Amino acid sequence: QVQLVESGGGLVQPGGSLRLSCAASGSIFSIYVMGWYRQAPGKQRELVANIISGGITNYVDSVKGRFTISRDNAKNTVYLQMNSLKSEDTAVYYCKMNLRVNRATPSEAYWGQGTQVTVSS
């Protein structure tokens, strides 16, 4: 069974930095997309950043220039470096990966449990 475990969330002051990590474990044939989503109270879950084949990255406009997504394929791990944090970045951050557990099965989405990021003075 595939499990995604997140870490790195916490409380930080505006302008501060955090680094989130998410490691996938279990039977994994191949990972195609790794990404981070967030959900603030009263808001829909939104894509923050993802990284896909060829190393192509995508970011929501509000985090461009401040956040950087990266991956370590050997460790089945994705990271989100968050700099210059703002109050509006406060949310639960979720890791998502699209992967195959074996060659005979289609790609499916797997989610982490979420980690709280709070930006407040």
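This report walks through one protein chain, from its overall build down to a few single residues.

**The whole chain**

Keep in mind that this is a predicted model. What is the chain built from? There are 11 strands and 0 helices, so if you trace the chain along its sequence you just meet β eleven times in a row: β-β-β-β-β-β-β-β-β-β-β.

Now for the overall size. A compact globule with 121 residues would have a radius of gyration near 14 Å, and the chain agrees because its own value is 14 Å. If you box up the C-alpha atoms along the principal axes, you get roughly 50 × 25 × 25 Å.

How much of the chain is buried? Of the 121 residues, 36% count as buried. On the outside, the chain exposes about 6,500 Å², and carbon and sulfur atoms supply 46% of that. The chain also carries 12 positive and 7 negative charges, and the mean positions of these two sets are 5 Å apart.

Sequence distance is worth a look too. Take the contacts between residues at least 6 apart in sequence: 56% of them join residues at least 24 apart.

**Arg66 and its partners**

Let's zoom in on Arg66. You'll find it in the loop between strand S6 (57–59) and strand S7 (67–72). Is Arg66 buried or exposed? Its relative accessible area is 10%, and buried means under 20%, so Arg66 is buried.

What does the side chain of Arg66 reach? One target is the backbone oxygen of Ser84, at 3.0 Å. Another is the side chain of Asp89, joined to the side chain of Arg66 by a polar contact of 2.8 Å. Leaving out residues up to four places away in sequence, Arg66 touches several others, including Gln81, Met82, Asn83 and Lys86. Leu85 is on that list as well. Arg66 and Leu85 sit 19 residues apart in sequence, and their C-alpha atoms are 7.7 Å apart in space.

**Two residues with positive phi**

Ser84, which we just met, has something else to show: a positive phi of about 50°, although it is not a glycine. Ser84 lies in the loop between S8 and strand S9 (91–100). With a relative accessible area of 40%, Ser84 is partly exposed.

Asn76 is also a residue other than glycine with a positive phi, this one near 50°. Where is Asn76? Look in the loop between S7 and strand S8 (77–82). Asn76 counts as partly exposed, with a relative accessible area of 23%.

**Met34 in its strand**

Met34 belongs to a strand, namely S4 (residues 30–39). At 3% relative accessibility, Met34 counts as buried. Which residues does Met34 touch, not counting those up to four places away in sequence? Among them are Ile51, Ile69, Val78 and Met97, and so is Asn76 from the section above. Polar and charged names turn up on the list too, including Asn50, Arg71 and Lys96. Then there is Tyr110: it is 76 residues from Met34 in sequence, with 9.8 Å between their C-alpha atoms.

**Side by side**

Here are the four residues again.

| Residue | Relative accessible area | Class |
|---|---|---|
| Met34 | 3% | buried |
| Arg66 | 10% | buried |
| Asn76 | 23% | partly exposed |
| Ser84 | 40% | partly exposed |

Conventions: Residues are numbered from 1 along each chain as its sequence is written. This is a predicted model: local features need pLDDT of at least 70, side-chain atom pairs count only at pLDDT 80 or more; totals for chains, interfaces and linings use all residues. Side-chain values use heavy atoms; hydrogens and water are left out. Helices (H or I, at least four residues) and strands (E, at least two) are DSSP runs, numbered from the N terminus. The radius of gyration is taken over C-alpha atoms; the globule rule is 2.2 Å times the number of residues to the power 0.38. Buried means under 20% relative accessible area, exposed over 50%, partly exposed in between (1.4 Å probe, protein chains only). Contact means heavy atoms within 4.5 Å. Accessible areas come from the Shrake-Rupley method with a 1.4 Å probe; for residues, only the protein chains shown count as cover. Lys and Arg count as positive and Asp and Glu as negative; His and the chain ends are not counted. The place of a charge is taken as NZ of Lys, CZ of Arg, CG of Asp or CD of Glu. A polar contact is a pair of N or O atoms within 3.5 Å; within protein, one must be able to donate a hydrogen and the other to accept it, and residues adjacent in sequence count only if both atoms are side-chain atoms.
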